[in-house]
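Please open the model in your viewer and keep the selection tool at hand. The tour below goes from one selection to the next and says what is there at each stop.

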Amino acid sequence: MKRKCFAAWVLVLMTVAGGCVTNSSRDAARNYLHAFPPGASPQEVGTRVARRFIASPHPNFGNPNPPGEITYPESVAWWGALTFADLSGDTALRQQLVSRFEPLFNQERKLVPRPGHVDATVFGAVPLEIYLQTGDGRCRELGQRFADAQWQAPESARNRMNAELRSWVDQGYSWQTRLWIDDMFMITMIQAQAFRATKDPVYIDRAAREMVLYLEKLQQTNGLFYHAPDVPFFWGRGNGWMAAGMTELLRALPESHPHRRAILAGYRRMMESLLRYQSGTGMWRQLVDHPESWPESSCTGMFTFAMITGVKCGWLEAEIYGPAARKGWLALIGYIDANGDVRDVCEGTNKKNSLKYYLNRKRLVGDMHGQAPVLWCASALLR
């Protein structure tokens, strides 16, 4: 109920302000983002992939042994499954997802990550989503602790900081700043969720200011992003993290926020570039600007999520981006097998200044990096 009331309040404000929702954008979006072929609706696809998530044990990056703690691919898939359950009205699915979390308060407490790295800290988005849907105060407290930890460096971490990171921290940025594009989902997601849960502007201010820094440091003239300042490659999923991070941040960011204009401009520059690089099949590639690289499903899902949301919110011109979003969705779901597993998912990837490194990454099946964006897209189509 809290989530629905807050969403209704935001809808009124945005409509009055001429922001996210207008009659014309709704009508144009409906032309492209509804009436899918049998088996391709967001309800059908989201249910298949969410049920697959429920049936899957906690993953460990392909290692057959159980993980020592919840990994970030599971966290972001869990969040996607929760939003899908909420938006589809599937209360039984929601209960299963909440029940999966309950042991983390007791017998599986050891699986709760320590928020000492961006990849671990994004876990906090899951309990915050559960709080938003159920009002469970334990989940709000846990998630807020993760969001706060992202800006509260322990003394041991401060002692290990290099001069550059210490400079960022002294300027008020997160101590988990490292200028990898992956961070712009891992940081902005948990902070946006904390803002939604608490309404405290400190969280959205942190996320917006951090995003502007990354835009300034990593976005190139073509609108895409290097993986890191010293790695001049437009890696697909890395750019996907950035696209999805900007999207979620913009969904939460008040219209009047001083950084909104810069973030929206960076988002639109990226979407314009992605439009040019989408293949004829609807997919995007492992290296976005390398036509010889393979079609990759996780980045395709992330870019499609960003475009669906942009069209529905009126940030993107529906007549231009609506067809691309539809094509991306229909291409993406063609990569889901009978088990509900997504194929051709790039394995977990470090940064490396090597073209061969990115081109030769393994293609996985059923990896949560790929399952998650399908759930995000299904949610965006229903939202």
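Begin by selecting Val-126 together with Ser-75, Trp-78, Trp-79, Leu-82 and Phe-101, because these five are what Val-126 touches in this predicted model once its neighbours within four places in sequence are left aside. Val-126 itself belongs to helix H7, and with a relative accessible area of 0% it is buried. If you then add Pro-323, which stands 197 residues away along the chain, you can check that the C-alpha atoms of Val-126 and Pro-323 are separated by 32 Å.

**Helix H5 and its cover**

Phe-101, one of the contacts of Val-126, leads to the next selection, helix H5, which runs over residues 91-101. Colour Leu-93, Arg-94, Leu-97, Val-98, Arg-100 and Phe-101 within H5, and you have marked residues that are buried. Where around the helix axis do these residues lie? They are on the same side of H5, because the arc that they cover around the axis is only 155°. As a general point, an α-helix has 3.6 residues a turn, so residues three or four places apart point the same way. Now show helix H3, helix H4 (72-88), helix H7 (125-134) and helix H8 (137-149), which are among the elements that cover the buried residues of H5.

**From Ser-88 to Thr-247**

Stay with helix H4 and select Ser-88, which is found in that helix. Ser-88 is partly exposed, with a relative accessible area of 29%. From Ser-88 you can go on to Thr-247, which is 159 residues apart from Ser-88 along the chain, with 20 Å between the two C-alpha atoms.

Thr-247 lies in helix H13, residues 236-252, and its relative accessibility of 0% counts as buried. To see what surrounds Thr-247, select Tyr-267, Phe-305, Ala-306, Thr-309 and Trp-315, with which Thr-247 is in contact when neighbours within four places in sequence are left aside.

**Arg-268 in helix H14**

Trp-315 is also a contact of Arg-268, along with Gly-314 and Leu-316, again leaving aside neighbours within four places in sequence. Is Arg-268 buried or partly exposed? At 38% relative accessibility, Arg-268 counts as partly exposed, and its place is in helix H14, which spans residues 260-277. Adding Ala-50 to the selection gives a view across the model, since the C-alpha atoms of Arg-268 and Ala-50 are separated by 30 Å, with their places 218 residues apart along the chain.

**Two loop residues with positive phi**

Next, turn to the loops. Most residues other than glycine have a negative phi. Select Phe-61 in the loop between H3 and H4, where phi is near 55°, a positive value in a residue other than glycine. Phe-61 counts as partly exposed, at 46% relative accessibility.

Then move to Lys-199, in the loop between helix H11 (183-198) and helix H12 (201-218). The phi of Lys-199 is near 65°, likewise positive in a residue other than glycine, and at 43% relative accessibility Lys-199 counts as partly exposed.

**The second largest pocket**

For the next stop, select Pro-57, Pro-59, Gly-366, Asp-367 and Met-368, which of the 22 lining residues are the closest to the centre of the second largest pocket. That pocket has a volume of about 400 Å³. Which helices supply at least two residues each to its lining? Show helix H3 (42-55) and helix H18 (368-382), for each of them does so. If you colour the lining of this pocket by class, you will find ten nonpolar, nine polar and three charged residues.

**The cysteines**

Finish with the cysteines, and begin with Cys-346. How many disulfides does a search of the whole structure find? The search finds zero, and for Cys-346 the nearest cysteine sulfur, in Cys-299, is 8.8 Å away. Cys-346 counts as buried, at 0% relative accessibility.

Last, select Cys-377, whose closest cysteine sulfur is also that of Cys-299, at 11 Å, which is too far for a bond. Cys-377 likewise has 0% relative accessibility and therefore counts as buried.

Methods: Residues numbered from 1 in each chain as written. Predicted model: local features only at pLDDT ≥ 70, side-chain atom pairs only at ≥ 80, totals over all residues. Heavy atoms only, no water. 1 Å grid on protein atoms, 1.4 Å probe; cavity = no way out; pocket = protein on both sides within 12 Å on 5 of 7 lines; lining within 4 Å. Points joined across faces, edges and corners; volume = space filled by probe spheres on them. Helix = DSSP H or I, 4+ residues; strand = E, 2+ residues; numbered from the N terminus. Nonpolar A, V, L, I, M, F, W, Y, C, P; charged D, E, K, R; others polar. Disulfide = S-S within 2.5 Å. Buried < 20%, exposed > 50% of the residue type's maximum accessible area, 1.4 Å probe, protein only. Arc of directions from axis to C-beta. Contact = heavy atoms within 4.5 Å.
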